[in-house]
Amino acid sequence: MGKLTDTEIVNILSDLVRIKSVNDNEIEVCHYLQDLLAAHNIPAQIIKLSETRANLVAEIGEHGPVLAISGHMDVVSEGDISKWHYDPFVMTEVDGKLYGRGTADMKSGLAALVISMIQIQAAGTLNYGKIRLLATAGEEIVGEGAKAFHQQGYMDDVSALIIAEPSEDRIIYAHKGSMDIRVTSKGKAAHSSMPHLGFNAIKPLIKFVYTVDEGFKDFTQTNSLLGPPILNATIFKGGNQVNSLPEHAETEFNIRTIPEHDNNQFISYFKRILQQVESTESQLVMDTYMSRPPVFTTGDNSLVQIAQTFAMKYLNTKLEAQASPGVTDAADLLVDKDEQFPFIMFGPGNVSQAHQVDEHVDKAIYLSFVKLFSEMFPTYLQNLK
Ligand SMILES: [Zn+2]
């Protein structure tokens with residue numbers, strides 16, 4: 001099989017958009033990509049996480065350093081369907097733009113990575129190094145796919161990582177971490193005229209939120225690149241009847257972490273506050289149900305430079321290298337790597353399109369990224385020789 005044509009490249013994205021992998025069902029994307037790669041003599045392996053969720057790994061190249069290229073297969077929900085002008089799961093081309101859920105975040109990036117492997121293999125341009133595709137499940141919530149890849153050792157021998165999240169207008173090499181923590185409070189229902197017969201679940205929780213907020217003032221360090229950590233209580237629920245003491249209440253926090261104030265520090269902090277506000281009557285339980293560490297690299301490496309060179313060649317723009325507030329799978333893939341590690345987030349689509357109604361990617365840019373990746377990956381590896 002030879003190289004893929006522009007029509008075939010667009011059709012692959014259309015096929016991917018049609019697969020409803022709304023934070024589940026990534027296994028269908030795996031099967032599709034496995035078949036596509038197999039048709040071009042590239043074996044790929046599906047690694048199941050559950051009956052419906054899986055990662056996919058494929059590799060080309062014989063020897064030398066490993067360049068990992070990664071994209072997630074899940075998308076976020078379409079949201080309010082009535083607000084869309086196009087069916088979110090039928091890719092629609094209008095005025096050079098391709099509309100549909102995941103066209104920007106990030107099925108175009110994922111497709112561009114997979115297709116570039118096929119083009120590189122067909123052209124025989126990979127003379128040194130290996131290219132390993134790590135297609136992940138579950139990026140949009142807790143990152144279970146990336147966590148599994150890391151635990152199974154797929155990152156151990158990797159020398160550089162590219163994640164093709166929507167980032168056509170900037171090259172990202174560092175980002176904050178993120179955490180979601182839920183604290184639930186168990187009380188005892190009673191009529192509000194006889195509160196001594198029950199326990200109000202809201203009471204200790206109010207104290208908890210207040211104390212966490214006050215103490216957060218002491219998290220004073222700021223990262224030179226990523227800025228300060230951020231903490232917000234974003235959900236507070238309790239009670240369902242005005243004349244009854246609530247037997248259940250819960251609150252949730254989202255925290256954006258930096259290396260100086262990392263995820264573990266916040267977990268210990270929350271545990272400390274929990275002990276502080278607990279009384280003989282209260283029952284508070286804390287659940288850190290999402291935790292993805294910050295990614296801090298210096299960006300001072302040839303991967304960033306080469307991405308800028310090829311952005312100039314194929315996108316005709318001088319792209320800046322920056323840090324971003326958003327989280328990617330790099331959070332879990334790079335946990336053992338140091339700040340010198342070459343990492344970039346770079347791919348078709350604008351980050352502003354992610355998770356939006358009428359999500360779209362520019363068709364010409366998507367096609368350009370296939371060419372860009374196809375030349376950039378072997379060139380980067382060759383330069384390491
Ligand atoms: Zn994404």
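What geometry do the 4 donor atoms give the site of the zinc ion? Before I answer, please keep in mind that what we are looking at is a predicted model. With angles among the donor atoms that run from 52 to 141°, the site is irregular, and the cut-off matters here, because four donors would count as tetrahedral if all angles lay between 85 and 135 degrees.

Let me turn to the donors themselves. The protein supplies His72 through NE2, Asp105 through OD, and Glu165, which is listed twice through OE, and these atoms lie 1.9 to 2.7 Å from the zinc ion. Read along the chain, the donors follow the spacing H-x32-D-x59-E. Asp105 sits in the loop between strand S5 (97-99) and helix H3 (107-123), whereas Glu165 sits in the loop between strand S7 (158-163) and strand S8 (171-175), so this pair ties together parts of the chain that are 60 residues apart in sequence. As for accessibility, Asp105 is buried, its relative accessible area being 5%, and Glu165 is likewise buried, with a value of 7%.

I would also like to say a few words about another residue, Gln265, which belongs to helix H6, residues 263-277. Gln265 counts as partly exposed, with a relative accessibility of 32%. If we set aside the neighbours within four places in sequence, Gln265 is in contact with Phe219 and Glu260. Finally, Gln265 and Ala311 are 46 residues apart along the chain, and their C-alpha atoms are separated by 38 Å.

Methods. Residues numbered from 1 in each chain as written. Predicted model: local features only at pLDDT ≥ 70, side-chain atom pairs only at ≥ 80, totals over all residues. Heavy atoms only, no water. Donors = N, O, S within 2.8 Å, 3.2 Å for Na, K, Ca; no water. Tetrahedral: all angles 85-135°; square planar, octahedral: opposite > 155°, others 65-115°. Helix = DSSP H or I, 4+ residues; strand = E, 2+ residues; numbered from the N terminus. Buried < 20%, exposed > 50% of the residue type's maximum accessible area, 1.4 Å probe, protein only. Contact = heavy atoms within 4.5 Å.
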